[in-house]
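Visitor: Please take me through the ligand site, slowly. Then show me what the protein around the site is built from.

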Amino acid sequence: MNPDRRDYDAVVVGSGPNGLAAAILLQQNGLSVLLIEGKETIGGGLRSAQLTLPGYVHDICSAVHPLAAASPFFSQLPLDQFGLEYIYPEIAAAHPFDNGTAAVLKGTVSKTAHLLGADEQAYSKLMQPIVNDWPLIVDDILAPLHFPKHPMAMARFGLKALPSASYLSKHFQTPEAKAFFAGMAAHSIQPLTNTATSAIALVLLAAGHVKGWPIPKGGSQCIADALAGYFKSIGGKIETNTYITSLKQLPSARAVLFDVTPKQLLQIAGHRFSPLYKWQLERYRYGMGVFKIDWALDDPIPFTAEGCRQAGTVHIGNSIQEIADSEQQIWHDRHPDKPFVLLTQPSLFDTSRAPTGKHTAWAYCHVPNGSEHDMTGAIENQVERFAPGFKDRILARSTMNTAQMQEHNPNYIGGDINGGVIDIGQLFTRPALRWSPYKTSAKGIYMCSSSTPPGGGVHGMCGYHAAKRALKDVFDH
Ligand SMILES: Cc1cc2nc3c(=O)[nH]c(=O)nc-3n(C[C@H](O)[C@H](O)[C@H](O)COP(=O)(O)OP(=O)(O)OC[C@H]3O[C@@H](n4cnc5c(N)ncnc54)[C@H](O)[C@@H]3O)c2cc1C
């Protein structure tokens with residue numbers, strides 16, 4: 001143990017966006033806080049590194065940040081003073097079709113709707129009310145289940161968000177609009193027939209219209225560095241290279257918040273939990289994993305559709321049938337030949353990511369939990385299909401299967417990047433059915449990772465709400 005260690009008011013284990021958010025809120029409230037990270041560098045799903053060739057910076061996990069930009073907590077922090085600068089691609093996302101055209105997500109509902117042909121009105125009718133209500137509902141969407149601050153606005157959102165994406169897509173008549181919507185919904189990492197898979201599509205579309213889908217200049221690591229810089233500037237302490245397997249490793253503190261998933265928490269503190277709580281955590285379900293590729297490229301990806309050549313993110317899946325089929329197969333432990341691929345091309349907008357004139361790209365597809373199947377060929381074929389000549393531009397690649405993902409970040413159990421499946425059974429009750437999902441059955445021990453509401457993504461709101469709970473319970477704030 002570090003000899004400089006002393007007692008703290010609170011300790012946070014894990015420095016992902018939720019651990020950082022929790023540590024900041026506690027420190028802002030005048031407590032002394034130690035943030036402990038198991039790996040050499042901080043950030044969890046926010047790390048960037050030179051994965052391929054010298055001079056090429058790749059986001060190992062998260063890359064595009066509509067949720068960080070929309071986060072009520074992160075938006076309050078002076079992160080720009082700690083080096084964070086967002087870049088907003090004018091086309092947030094594009095979805096190419098086999099006929100060489102693409103649907104695109106732009107800054108306004110009308111500009112996006114305009115390109116959806118016969119579905120122009122249908123898109124506006126679906127999205128404009130949500131965009132209008134956004135300031136009233138964003139706090140409630142990114143929070144645990146509770147009585148909403150604006151019940152009417154939340155009810156309007158809920159009626160659209162609760163159906164499955166397969167069902168809500170019937171709102172559209174053109175194959176293009178249906179596919180565009182399905183690509184957004186596939187971020188739920190579940191079959192599109194599951195209840196509430198529409199929710200993530202609506203949130204991502206609305207966030208795109210309200211705040212955009214920014215990328216951080218220099219890579220996602222800059223978000224972690226800015227959060228850590230601010231935390232230290234208000235007196236917080238960070239210790240890296242300290243992997244926690246037992247409560248005995250921790251300095252004494254009145255509250256300990258864990259930015260880890262139920263599986264790890266059971267190993268660390270299971271002996272302190274009630275039999276009921278332990279039983280609930282043991283039954284916590286993890287979802288599909290991911291197979292990830294990063295490329296160093298000689299030139300930008302030569303997408304046929306112009307919209308894709310200008311987009312920060314590209315959703316590759318052609319039709320709703322193809323995307324639904326891909327997710328369904330993976331859910332049933334199979335590997336599709338044509339996986340739905342999520343791709344970003346940050347160097348088009350940020351020259352610091354690659355040597356002059358060169359480029360990077362990042363992509364992943366879903367795979368069964370724990371899969372070690374190599375999806376390189378399937379992913380590259382999908383990109384080549386919409387960007388003939390792509391493969392000739394690859395200078396180097398780095399790949400990560402689910403085991404390598406979990407090795408990189410122990411929270412990605414079996415490659416699950418959401419800290420557990422976010423289906424209707426675990427949407428609001430993750431990680432266990434309790435009055436406060438952040439509070440464990442052991443006094444002073446809290447969970448603050450994406451295994452708690454509102455779930456996966458870089459927004460820090462799991463950490464924020466967990467810290468608020470600890471402040472109230474333990475420190476009478
Ligand atoms: C390939 C990929 C792409 C993604 N793309 C996006 C995206 O574009 N946009 C987006 O918003 N989200 C994206 N995500 C999801 C996002 O990264 C996560 O939802 C988010 O990072 C979760 O934050 P967290 O704080 O809960 O946990 P994490 O970010 O997972 O951080 C947990 C931290 O805790 C540490 N830790 C774990 N166990 C211990 C222990 N026992 N002792 C000490 N330290 C420990 C880990 O090392 C890690 O640093 C992506 C994820 C992946 C993998």
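Guide: I start at the ligand and then move out to the sheets and loops.

This is a predicted model, in which local features need pLDDT of at least 70 and side-chain atom pairs count only at pLDDT 80 or more, while totals for chains, interfaces and linings use all residues. Residues are numbered from 1 along each chain as its sequence is written, and side-chain values use heavy atoms, with hydrogens and water left out.

The ligand has 38 residues around it. A residue belongs there if one of its heavy atoms lies within 4 Å of the ligand. Glu 37, Gly 45, Asn 409, Gly 457 and Val 458 come nearest. By type, the shell holds 16 nonpolar, 17 polar and 5 charged residues. In this count Ala, Val, Leu, Ile, Met, Phe, Trp, Tyr, Cys and Pro are nonpolar, Asp, Glu, Lys and Arg are charged, and the others, Gly among them, are polar.

Backbone atoms supply polar contacts (N or O pairs within 3.5 Å). Gly 457 puts a polar backbone atom 2.7 Å from an oxygen atom of the ligand. At Ile 244, a polar backbone atom is 2.9 Å from a ligand nitrogen atom. Ala 63 has a backbone N or O atom 3.1 Å from an oxygen atom of the ligand. Taken alone, the ligand exposes 1000 Å², and the protein buries 96% of that. These areas come from the Shrake-Rupley method with a 1.4 Å probe.

Which elements line the site? Helix 1 (17-28), helix 10 (262-269) and strand 14 (359-367) each supply at least two shell residues. Helix 1 gives the largest share, 3 residues. Helices (H or I, at least four residues) and strands (E, at least two) are DSSP runs, numbered from the N terminus.

Helix 1 leads to a sheet. That open sheet has 5 strands in the order 9-2-1-10-16, and the pairing is parallel. Two strands pair if DSSP finds at least two bridges between them. Strand 9 (237-239) and strand 16 (445-447) stand at the edges with a single partner strand each, so one side of each is left without a neighbour in the sheet. Neighbouring strands here are turned by 20 degrees against each other on average, direction ignored. Strand 1 (residues 8-13) and strand 2 (residues 33-36) run parallel, joined by 4 bridges. Ala 10 stands opposite Val 33 in strand 2. Helix 1 packs on this sheet, touching strand 1, strand 2 and strand 10 (253-258). Touching means heavy atoms within 4.5 Å. The direction of helix 1 makes about 170 degrees with that of strand 2. Such angles run from 0 to 180 degrees between N-to-C directions of lines fitted to C-alpha atoms, for helices over the stretch in contact.

Strand 14, the other lead from the shell, belongs to a second open sheet. This one has 7 strands in the order 7-6-12-13-14-11-15, with mixed pairing. Its edges are strand 7 (102-105) and strand 15 (394-400), each with a single partner strand, so one side of each is left without a neighbour in the sheet. Strand 12 (residues 311-316) pairs with strand 13 (residues 341-344) in the antiparallel sense over 4 bridges. Ile 316 stands opposite Val 341 there. Strand 6 (residues 91-96) joins strand 7 through 4 bridges, also antiparallel. Ala 93 stands opposite Leu 105 in strand 7. The hairpin of strand 6 and strand 7 has 5 residues between the strands, and its Gly 100 takes a positive phi near 90 degrees.

Last, the loops. The peptide bond from Pro 453 to Pro 454 is cis, with omega near 5 degrees. Pro 454 lies in the loop between strand 16 and helix 16 (461-475). Another cis peptide bond runs from Arg 430 to Pro 431, with omega near 0 degrees. Pro 431 sits in the loop between helix 15 (402-408) and strand 16.

Terms used:
A polar contact is a pair of N or O atoms within 3.5 Å; within protein, one must be able to donate a hydrogen and the other to accept it, and residues adjacent in sequence count only if both atoms are side-chain atoms.
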